[in-house]
Amino acid sequence: MKLFSVYVLVTYRIDTLTKHRSPDDTDVPGVRQYVRTRRQARLRPPSRRIDRTDSRSSPHSVGAEQFDSRGVTLSAGATVTVSTPAGRVIVLDVVGLQPSHLDAAPNISRLVGGPEAPSTARLRPPFPAVTVTSQTTLATGQSPADHGDVANGHYDRESDTVTFWGRERGDRTRLWESASDAGATTGVLFFQHLVGTNADVAVTPSPIEDENNDMLEMNCWTNPDGFYDALEAEHGHFPLHRYWGPGANAESSEWILTAATEAVDRYDPDLLWVYLPHLDYDAQRYGPSSDEVTVAVETVDEMVGSFLTHLRATDRWGETAVAVLSEYGFHDVDSPVFPNRVLAREGYLTVGADGDVDLPDSDAFAVVDHQVGHVYADRRVRGAVRDELAGLDGVDTVLGDAEKRALGIDHPDAGDFVLVADESAWFQYYWWERDGRTPPYATDVDIHDKPGFDPCELFLGDEGMVSMDPSLVGGSHGRVDPETMGIFALGGPATPTPSVGDPVDARAVAPSLADLVDVRAHLPSHLTGRSVFDDERDGSKTD
């Protein structure tokens, strides 16, 4: 999908073509049927009717509020434990946030009681610590070996194709789907694999494209049907050009929080999970130790503060628990590594006449994703390819079957072996040399066609839309190291107060939140995570 075309390059604005085209434009051959097909694809089985008229009364409703030592409100004399579930749980998924950032985030810090609070901890992501892998682990309580999302991309061994950001939900049952099945009203905004979810409220980008994958009109897939139309009428289109690409900035997170506010006001979900991407941009552009990231933390904290102010004014604030979490942290990097260049030089990787990789005719290929590379190789060359890449500068280690099993990534979709970069290094997908023939998408923001994650899309290019200078990239993630863990923190008046331990395993998040919203019994039986409240529950049984 070419997300931006000349709109981003020239104006950084995306306007719907319906505002600028004649009524006959959809008569262009192929366009009318394609638009009809895409719009029909937005249909889904009807959601349960959302009716708050018989909403349960809150056991946490408060009269005069008082603040505890963690900066959250409690009713006079109230003791909130895991045995008293919250009436409403809000999850703020602030990607890239770490406990050390709370000094620059006074609103979030006040909510959760600061970095030293007993319910604030580091969050240990799954390996690899990348978006799709982390999100699915957080929302299912399963390891990548179980849920199968081993990267942001997927290599299909049968068809010899690579697709990034294109997988469907499949048989993954996330927290909100379990909660919906249990009768709770649920919402989730801008998570991966959302199309087709049974969450009562859902929003995810789904632009209408023509048969060449060029965008005709900005759109989002939503539950309930028509929610995006209402959001667009009131707040304008979702700024896709601010969500990823050279123009990515705080506007996308601001729009998402506006949608979250509308979701609360219109549908009042019992569980609402909100993904906020803002820190991801400057952490990759400049690195986590940069002044720009500190400013980004302050910016996202101000936006979250406004959202929290709105929540505090709602009738259900007294029964609300808020979880603040992050999928991963970042390393400062200065060394791009090119495993596919090595494979091309040694004759293992074949390039077609158009400069694109010819995967069916190649013996080996590395699907690179930040600081991790899944290498798929024909059996007859696998040993030689592994030896070749293991000696590459910037490669820290190579994971074989035993290591993959130990890290919980031993799934059939994982590479035959997996490269892990040095802390200061990351993997770029390029197979061409500096002045070599490039594929047609190399200088485009083209997140689906590129067979590897490309952070250079965050930088404007000199000749094309995006840069091909990997030395510009200042931060990356994917490794799981003590200094790059995310955050897991709890706040709000209905939040239990026990210590959650440090670090919290990503697999613990789904069962922990299920405890808060009182749907633990409805989670799939095969999850491997253990709730942070299990110790308190087990202890109470022995008292």
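**View 1. Phe238 and its neighbours in the predicted model.** In this predicted model, Phe238 touches a ring-rich set of residues that includes Phe190, Tyr228, Tyr243 and Trp255. Pro205, Met218, Cys220, Ser252 and Ile256 are also among its contacts, with residues up to four places away in sequence left out of the list. Phe238 belongs to the largest nonpolar core, which has 103 residues. Leu189, Phe190, Val274 and Val385 join Phe238 as the residues with the most contacts inside that core. If you look elsewhere, you will find a second, separate core of 39 residues, and Ala86, Ala184, Val500 and Leu513 are part of it.

**View 2. Helix H8 from end to end.** Helix H8 takes in residues 250–267, 18 residues in total. From its first C-alpha to its last, H8 reaches 25 Å, close to the 26 Å expected at 1.5 Å a residue. Start at the N-terminal end, where Asn249 acts as a cap: one of its side-chain oxygens lies 2.9 Å from the backbone nitrogen of Glu251. At the other end, H8 is followed by Asp268, which has a positive phi, near 50°. Is H8 largely enclosed by the rest of the structure, or largely open? It is largely enclosed, because 13 of its 18 residues are buried.

**View 3. An open sheet of four strands.** Here four strands line up in the order S16-S17-S19-S18, with antiparallel pairing. Strand S16 (364–369) and strand S18 (395–399) are the edges, each pairing on one side only. From one strand to the next, the twist averages 20°. S16 and S17 run antiparallel and are joined by six bridges, and Ala364 stands opposite Ala377 of S17. These two strands make a hairpin with two residues between them, and in its turn His370 has a positive phi of about 60°. On the other side of the pairing pattern, S17 (residues 372–377) and S19 (residues 417–421) are antiparallel and share four bridges. One pair to find is Val375 and its bridge partner in S19, Phe417.

**View 4. Strand S17, covered on both faces.** In a regular strand, side chains alternate between the two faces of the sheet. In S17, Val372, His374 and Tyr376 lie on one side, while Gly373, Val375 and Ala377 lie on the other, and all of them are buried. Six of the six residues of S17 are buried, so the strand is largely enclosed by the rest of the structure.

**View 5. Val418 in strand S19.** Val418 sits in strand S19. With a relative accessible area of 0%, Val418 is buried. Beyond its neighbours within four places in sequence, Val418 contacts Val372, Gly373 and His374, as well as Thr397, Val398 and Leu399. Phe127 and Lys404 are in contact with Val418 too. Val368 is 50 residues away from Val418 along the chain, yet their C-alpha atoms are separated by 9.5 Å.

**View 6. Ile90 in strand S3.** Our last stop is Ile90, which has its place in strand S3 (residues 88–94). Is Ile90 buried or exposed? It counts as buried, at 0% relative accessibility. Apart from neighbours within four places in sequence, Ile90 is in contact with Leu272, Phe307 and Leu311, and also with Thr320, Ala321, Val322 and Ala323. Ile90 and Asp270 are 180 residues apart in sequence, and their C-alpha atoms are 8.1 Å apart in space.

Definitions and conventions. Residues are numbered from 1 along each chain as its sequence is written. This is a predicted model: local features need pLDDT of at least 70, side-chain atom pairs count only at pLDDT 80 or more; totals for chains, interfaces and linings use all residues. Side-chain values use heavy atoms; hydrogens and water are left out. The expected span of a helix is 1.5 Å times one less than its number of residues. Buried means under 20% relative accessible area, exposed over 50%, partly exposed in between (1.4 Å probe, protein chains only). A polar contact is a pair of N or O atoms within 3.5 Å; within protein, one must be able to donate a hydrogen and the other to accept it, and residues adjacent in sequence count only if both atoms are side-chain atoms. Two strands pair if DSSP finds at least two bridges between them. Axes are lines fitted to C-alpha atoms, for helices over the stretch in contact, and angles run from 0 to 180 degrees between N-to-C directions. A nonpolar core is a set of buried Ala, Val, Leu, Ile, Met, Phe, Trp, Tyr and Cys residues joined through side-chain atoms within 4.5 Å. Contact means heavy atoms within 4.5 Å.
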